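Visitor: I would like to learn how to read a structure such as this one, feature by feature. Could you show me the general idea each time, and then the case at hand?

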Amino acid sequence: QVRLAESGGGWVQGGGSLRLSCAASGSFFSLDSMGWYRQAPGKQRELVATIASSGSTNYADSTKGRFTISRDSAKNTVWLQMGSLQPEDTAVYYCTARFAPFGFSTARRDAWGQGTQVTVSS
C-alpha cells in the first residue's frame with residue numbers, strides 16, 4: 001500500500017507563508033494524482049489543490065493566486081506553497097494520492113496522510 005507523510009504545518013500570522021510537504025512511500029504500481037485537502041473544525045473536508053502526473057493542476061477558487069502545488073514524481077513528493085495566508089485558511093491539511101496497486105494495476109485507490117495543522121492568526 002501507500003503511506004503519506006506530511007510536514008510543514010504550524011502557526012503563522014495573517015499574510016504569512018508556509019510550505020507543506022508530503023512524501024509517499026510503500027508499494028504501488030504507479031502513483032497518479034497527488035494533492036491537498038483541508039478540514040476546519042465543524043466543516044466538511046474540501047479540496048485545496050491537486051496535481052496530476054502530467055503536471056496539470058487544479059485549485060480551489062479560494063486559493064487561486066495564493067497557493068502553488070508542485071511535485072517531483074521521481075521522488076513521489078508533493079509540496080504546497082501557501083502565501084498570503086488568512087485566518088480562514090486555518091485547518092488540518094491532508095495529503096492525498098491516487099495510485100494503482102501492484103497486481104491490480106487497472107484499479108485506482110486513494111491514500112490519505114494523517115494531516116498537519118495550519119493555524120493562521122489575525
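Visitor: Let me begin with a single side chain: is Y37 buried, partly exposed or exposed?

Guide: Keep in mind throughout that this is a predicted model. Y37 has a relative accessible area of 25%, and because the class of partly exposed residues runs from 20% to 50%, Y37 counts as partly exposed.

Visitor: Which aromatic pair does Y37 form, and what is its geometry?

Guide: A pair of aromatic rings is described by two quantities, the distance of the centres and the angle of the planes. The count here comes to 1 aromatic pair, and it is formed by Y37 and W112, whose ring centres are 5.2 Å apart and whose planes stand at 65° to each other. The pair is called edge-to-face because the angle between the planes is over 60 degrees. It links distant parts of the chain, since Y37 belongs to strand 4 and W112 to strand 10 (residues 109-112), 75 residues apart. W112, with 38% relative accessibility, is likewise partly exposed.

Visitor: Over which ring does the charged end of R45 sit at 4.7 Å from the centre?

Guide: That ring belongs to W112, while R45 also lies over the face of Y94, at 3.8 Å from the ring centre.

Visitor: Turning to the backbone, in what sense do strand 4 and strand 5 pair, and over how many bridges?

Guide: Strand 4 (residues 30-39) and strand 5 (residues 46-51) are paired in the antiparallel sense, over 5 bridges, and one can follow the register at M34, whose bridge partner in strand 5 is I51. The hairpin of these two strands has 6 residues between them, and there G42 takes a positive phi near 75°. On the next step, strand 5 pairs with strand 6 (residues 57-59), again in the antiparallel sense, over 3 bridges, with I51 standing opposite T57. In this second hairpin, where 5 residues lie between the strands, the residue with a positive phi, near 100°, is G55.

Visitor: What is the order of the strands in the open sheet of 4 strands?

Guide: The order is 1-3-8-7, with antiparallel pairing. The edges are strand 1 (2-7) and strand 7 (67-72), each of which pairs on one side only, and the twist from one strand to the next averages 15°. Strand 1 and strand 3 share 6 bridges, and strand 3 (residues 18-26) meets strand 8 (residues 77-82) over 6 bridges as well. A useful residue for tracing this sheet is S21 in strand 3, which stands opposite S7 and has W79 as its bridge partner in strand 8. Elsewhere between strand 3 and strand 8, R19 stands opposite Q81.

Visitor: How many residues does the largest nonpolar core have, and which have the most contacts inside it?

Guide: In soluble globular proteins, nonpolar side chains tend to be buried together. In this model the largest nonpolar core has 30 residues, and those with the most contacts inside it are L4, W36, I69, V78, L80, M82 and Y93. Several strands supply at least two residues each, among them strand 1, strand 4, strand 8 and strand 11 (116-121), while the largest share, 5 residues, comes from strand 9.

Visitor: Leaving aside neighbours within four places in sequence, with which residues is V78 in contact?

Guide: Its contacts include L20, C22, M34, W36, I51, I69 and C95, and also the residues S21, S70 and R71. Two of these names have come up before, for M34 and I51 are the bridge partners that join strand 4 to strand 5.

Key: Residues numbered from 1 in each chain as written. Predicted model: local features only at pLDDT ≥ 70, side-chain atom pairs only at ≥ 80, totals over all residues. Heavy atoms only, no water. Pairing = 2+ DSSP bridges. Phe/Tyr/Trp six-rings, centres within 6.5 Å; stacked < 30°, edge-to-face > 60°. Buried < 20%, exposed > 50% of the residue type's maximum accessible area, 1.4 Å probe, protein only. Lys NZ or Arg CZ within 6 Å of the ring centre and 35° of its normal. Axes fitted to C-alpha atoms, helices over the stretch in contact; angles between N-to-C directions. Core = buried A, V, L, I, M, F, W, Y, C linked by side-chain atoms within 4.5 Å. Contact = heavy atoms within 4.5 Å.
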